[in-house]
Amino acid sequence: MADEQAVKDIMVTEVIAVQEDASVEELSKILVENKISGVPVVDKEGKLVGIATEGDLIVKDSDLHFPRYFKLLDSIIYLESLNKFKANLKKYLGTRVSDVMSTEVKTVTEDTPVSEAANLMIRHNINRLPVMDENNMVGIVTRSDIVRSMIRE
């Protein structure tokens with residue numbers, strides 16, 4: 001049995017990223033023009049600060065519903081998460097990438113085994129993992145990169 005491939009063997013090194021202060025419209029254009037579903041978000045120094053995806057943009061086009069609640073003894077009891085509503089409201093009203101991006105980013109290193117990266121994607125229901133070297137992003141690996149690696153000889 002051959003040694004397992006590492007992320008560095010299948011990752012893309014020319015990463016398309018977006019600045020956190022870019023507009024939501026700029027983000028949409030980048031995704032459409034490059035036929036991708038998400039991008040890393042970087043600050044002015046190029047440091048990774050988040051991930052922005054089509055799913056983050058869809059919130060802007062969805063109907064925003066106030067959480068259901070009922071009153072009991074002059075108190076309001078929410079039946080749904082008020083924090084989730086507040087986060088969705090911020091995304092709904094957002095005009096900058098920093099308003100709609102996800103800040104909890106899972107990452108891997110170049111030496112991470114491909115199977116470990118795949119398990120991380122499945123476990124957290126994500127499609128892309130920035131590849132980090134210390135504090136710098138050196139690439140990105142996506143589900144499609146992993147699938148392509150399965151058919152390569």
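# Exercises on two sheets, two cores and two pockets

Leaving aside residues within four places in sequence, Ala117 is in contact with Val7, Val108, Thr112, Leu129 and Ile146. The model you are looking at is predicted, and the exercises below walk through it piece by piece.

## Exercise 1: The core around Ala117

Work out which residues touch the most other members of the largest nonpolar core, and which elements supply that core.

*Solution.*

Step 1. Begin with the membership: the largest nonpolar core has 13 residues. Those touching the most other members are Val7, Val108, Ala117, Leu129, Val131, Val141 and Ile146.

Step 2. Next, find the elements. Two or more residues come from α5 (114-124) and from β7 (128-133). The most come from α5, with 5 residues.

Step 3. Now look elsewhere in the chain. Another core lies apart from this one; it has 12 residues, including Val24, Leu31, Val39 and Leu57.

## Exercise 2: The sheet that holds β2

Place the strands β1, β2 and β3 in their order and say how the neighbours pair.

*Solution.*

Step 1. Write down the order. The open sheet has 3 strands, arranged β1-β2-β3, with mixed pairing. Its edge strands are β1 and β3, each pairing on one side only.

Step 2. Take the parallel pair. Strand β1 (residues 18-19) runs parallel to β2 and is joined to it by 2 bridges. Opposite Val18 you will find Val41 of β2, and opposite Gln19 stands Val42 of β2.

Step 3. Take the antiparallel pair. Between β2 and strand β3 (residues 48-53) there are 5 bridges in the antiparallel sense. One residue to check here is Pro40, whose bridge partner in β3 is Ile51.

Step 4. Follow the chain from β2 into β3. The two strands form a hairpin with 5 residues between them. In the turn, Gly46 has a positive phi of about 85°.

Step 5. Finish with burial. Strand β2 (residues 38-42) is mostly covered, as 5 of its 5 residues are buried.

## Exercise 3: Ala52

Is Ala52 buried or exposed? And which residues does Ala52 touch, not counting those up to four places away in sequence?

*Solution.*

Step 1. Locate the residue: Ala52 is in strand β3.

Step 2. Apply the cut-off. Buried means under 20% relative accessible area. Ala52 has a relative accessible area of 0%, so it counts as buried.

Step 3. List the neighbours. Not counting residues up to four places away in sequence, Ala52 touches Leu27, Ser37, Gly38, Val39, Val41, Val97 and Met101.

Step 4. Add a distance. Ser98 is 46 residues from Ala52 in sequence, and their C-alpha atoms are 8.7 Å apart in space.

## Exercise 4: The sheet that holds β7

Find the edge strands of the sheet formed by β6, β7 and β8, and explain why one side of each has no neighbour in the sheet.

*Solution.*

Step 1. Set out the order: this open sheet has 3 strands, β6-β7-β8, and its pairing is mixed.

Step 2. Read off the edges. β6 (108-109) and β8 each have a single partner strand, so one side of each is left without a neighbour in the sheet.

Step 3. Look at one pairing in detail. 6 bridges link β7 and β8 in the antiparallel sense. Arg128 stands opposite Thr142 in β8.

## Exercise 5: Two pockets

Describe the largest pocket and the second largest pocket by volume, lining and residue class.

*Solution.*

Step 1. Start with the largest pocket, which holds about 430 Å³ of space. It is lined by 18 residues, and the closest to its centre are Ile51, Ser102, Glu104, His124 and Ile126. β3, α2 (54-61) and β7 each give two or more residues to this lining.

Step 2. Sort that lining by class: 5 residues are nonpolar, 8 polar and 5 charged.

Step 3. Move to the second largest pocket, with about 280 Å³ of space. Of its 17 lining residues, Ile36, Gly38, Arg128, Ile140 and Thr142 are the closest to its centre.

Step 4. Ask where the lining comes from. At least two residues each are supplied by β2, β8 (136-142) and α6 (143-151). The largest share is that of α6, with 4 residues.

Step 5. Sort this lining too: 7 residues are nonpolar, 5 polar and 5 charged.

Key. Residues numbered from 1 in each chain as written. Predicted model: local features only at pLDDT ≥ 70, side-chain atom pairs only at ≥ 80, totals over all residues. Heavy atoms only, no water. Core = buried A, V, L, I, M, F, W, Y, C linked by side-chain atoms within 4.5 Å. Buried < 20%, exposed > 50% of the residue type's maximum accessible area, 1.4 Å probe, protein only. Contact = heavy atoms within 4.5 Å. Pairing = 2+ DSSP bridges. 1 Å grid on protein atoms, 1.4 Å probe; cavity = no way out; pocket = protein on both sides within 12 Å on 5 of 7 lines; lining within 4 Å. Points joined across faces, edges and corners; volume = space filled by probe spheres on them. Nonpolar A, V, L, I, M, F, W, Y, C, P; charged D, E, K, R; others polar.
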